[in-house]
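This report describes how a bound ligand is held by its protein. The sequence and the structure are shown first, and the account of the binding site follows.

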Amino acid sequence: MDSPITSIKGIGEKTAMLFHRVGVHTVGELLSYYPRTYDIYEEPVTFANLKTDEIQAVTGFLKKVPSVTKTKRYAVTTVVLEEFGEYLHLTWFNMPFLKNTFIPGNTYIFRGRVQKKKGRLVMEQPEYFTPEAYGEKLNTMQPIYGLTAGLSNKTVAKAVKQALDGRNLNLEYLPEEIRMNQELAEYNFALQTIHFPVKWEDLLLARKRLVFDEFFLFILALRQMREAAEVRKNECPCKPVKETEQLLSSLPYELTGAQKRVWRELLEDLSGEGVMSRLIQGDVGSGKTVVALLALVCAVYNGYQGALMAPTEVLARQHGQSIQEMLDQAGLSVRVVVLTGSMSAKEKRTAYEQIENGQAEIVVGTHALIQNQVHFQRLGLVVTDEQHRFGVRQRETLADKGMFPHVLVMSATPIPRTLAIILYGDLDISVLDELPANRLPIKNCVVDESYRPAAYRFMEKEIDKGRQVYVICAMVEDNPELELENVVDYTEKLKAAMKPSVAIAYLHGKMKASEKNEIMERFASGELQVLVSTTVVEVGVNVPNATVMMVENAERFGLAQLHQLRGRVGRGKHQSYCIFVSGNDSPDTKKRLEILGKSNDGFYIASQDLKLRGPGDLFGIRQSGLLEFKIGDVFTDAGILKAASEEAARLLEEDPALSGEEHRELRKRLDACRMLGDGKVSL
Ligand code: ADP
Ligand code: MG
């Protein structure tokens, strides 16, 4: 399992590099690179039975040679099929050779997503087969893997097959009793079946077993860590200081009841017997930053350094600035040092020096930077912002450097409290369940594309009042296969559609960090009035003067993600608006988006999202980006999660160190999990 993937026949250095890009380095990692979904090749349907937005196959009789037309950018190959007076249009982009592939008079099977465009039924980029070739695929389930440019699905499937065929069977490591209690399939069967299922029922069984394992091992590892953490005493005791009061009285607002309560809890931790280990869960806009700053100030005036880690560079810089402003306003002279990847080598060196010699009192940076390369003089508190999955190893990494600081994790991920307790077993939890009182609820609307001109006029009105606007698009560059609005082109269109006086710019993940920072700063300062962006602004960005959030192709996003995006507005005293533009008019999309229209409450949205998707949607929810388990999902698999948690508790009660002979294989398995550097439990 530990051998590199190059040990698999047919995988050379070049292919291995591609696998590395998707996080697969070893045979074991390849085997746990589970399919994203499965493709089932069903019987072709008649044209009358075609359903839009579904992937279907048809049998088509080809009357003449396909036509090829050239547009500015693509060569478009077109075939029009006819069946009992119904028509289906097939198009391929940049595949002019197809003209010679199809022979008039022959019958082919075409398979692809059915769409309705300008009143016509169309399939874009359909797969094509001879009837014989299709017959061989009929009713089989083909795994579909996550891919990267250059790595084809075929390559992955073939590698997995090789790896499965060539390996020795694993010994079963789950205690027999647990397997019986929970009706879990045998491990080797589950692994084989998750990649190459023969029938749907088997797949469900296999998946259940692997989900159980993932949760079970994760919880066992956490529980054992917790034992270790509980005895750790507070090596950075912090007394209450007057400077936090000074900060509080300088704020232009009063803390909410929830903020006050959580701040009290933090203060008790900081000054208590044991080291702090706490999660603050609070919906977007609940005011987590100021609470974290209070804790940081307390640590600083007790003689320690504090660190604030953010998931993106944009957010790190923004935190650095707003913290500096708040400190200045309070008349506190605390040295804040920002550390980001895009700084020059010289700037970085200066920052490292200041951190090491203790001049830097609060350090703000991205997760990676602060964790890996920095030596603190006397680190007392680490705050991690917007990290949805607490890295089990984070504390261990710090401990390895001889540091035992207080640890505070902040997250907006709305997971029900019971689940949080199971998952974050070694953390205490504080909840910010109250939004600042001066907030007007965001007004939402779900519209179709025809509403755009009206939306633009509305945005101009807000801009005239001095406000600012976000527009979110799904993709960066033009992609002929997906008619999604994309940032670059959209910005041009928007410039043409709005008054010339409006300052518009775009932001996307592929830009250089320094460019991103510049754009973000110009937007934050009010110089730019409209920011057209991909989801890079999704987490944490705080520009309270922005009052309109318009999301194009809203149907492409998960509800949780849309909720996060919406959280970018409604952060100040002005009335804010969110416009969700739907690119299709399917009733399902409507229903989903209307949930957002009805509520601004993250917990409610998560639960409704779950209800709508239903337990039948095994794989869809994983795209929502909540808690990245490889295969398990804390929402849909809540039942399995609970069972795994109970079995883990029972097992540890019987045999706390798992030293029994019958637990030997389990122990090995758990050790293997812990070996993984990033703290993620892997199967
Ligand atoms: P999040 O919890 O999403 O990280 P932030 O900490 O960024 O939220 O706060 C969002 C906005 O609310 C900021 O502009 C902040 O200044 C403001 N804010 C925080 N607490 C309060 C409060 N008690 N009353 C009014 N505004 C507040
Ligand atoms: Mg935040």
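In this predicted model, a polar backbone atom of Gly-285 lies 2.7 Å from an oxygen atom of ligand 1. Two further polar contacts are listed with it in the table below.

| Residue | Protein atom | Ligand 1 atom | Distance |
|---|---|---|---|
| Gly-285 | polar backbone atom | oxygen | 2.7 Å |
| Gln-259 | polar side-chain atom | nitrogen | 2.8 Å |
| Ser-286 | backbone N or O atom | oxygen | 3.4 Å |

Taken alone, ligand 1 exposes 580 Å², of which the protein buries 88%.

The surroundings of ligand 1 comprise 18 residues, and those that come nearest are Gln-259, Gly-285, Thr-289, Arg-439 and Arg-571. Sorted by class, this shell contains five nonpolar, eight polar and five charged residues.

As to its location, ligand 1 sits in the second largest pocket. Which domains give residues to the shell around ligand 1? Both domain 2 (230–432) and domain 3 (443–599) do, and ligand 1 therefore lies between them.

Key. Residues numbered from 1 in each chain as written. Chains lettered and ligands numbered in written order. Predicted model: local features only at pLDDT ≥ 70, side-chain atom pairs only at ≥ 80, totals over all residues. Heavy atoms only, no water. Near = heavy atom within 4 Å. Polar contact = N/O pair within 3.5 Å; in protein donor to acceptor, adjacent residues only side chain to side chain. Areas by Shrake-Rupley, 256 points an atom, 1.4 Å probe, with all protein chains shown as cover. 1 Å grid on protein atoms, 1.4 Å probe; cavity = no way out; pocket = protein on both sides within 12 Å on 5 of 7 lines; lining within 4 Å. Sits in = over half its atoms within 2 Å of the grid points. Nonpolar A, V, L, I, M, F, W, Y, C, P; charged D, E, K, R; others polar. Domains from an automatic or database assignment.
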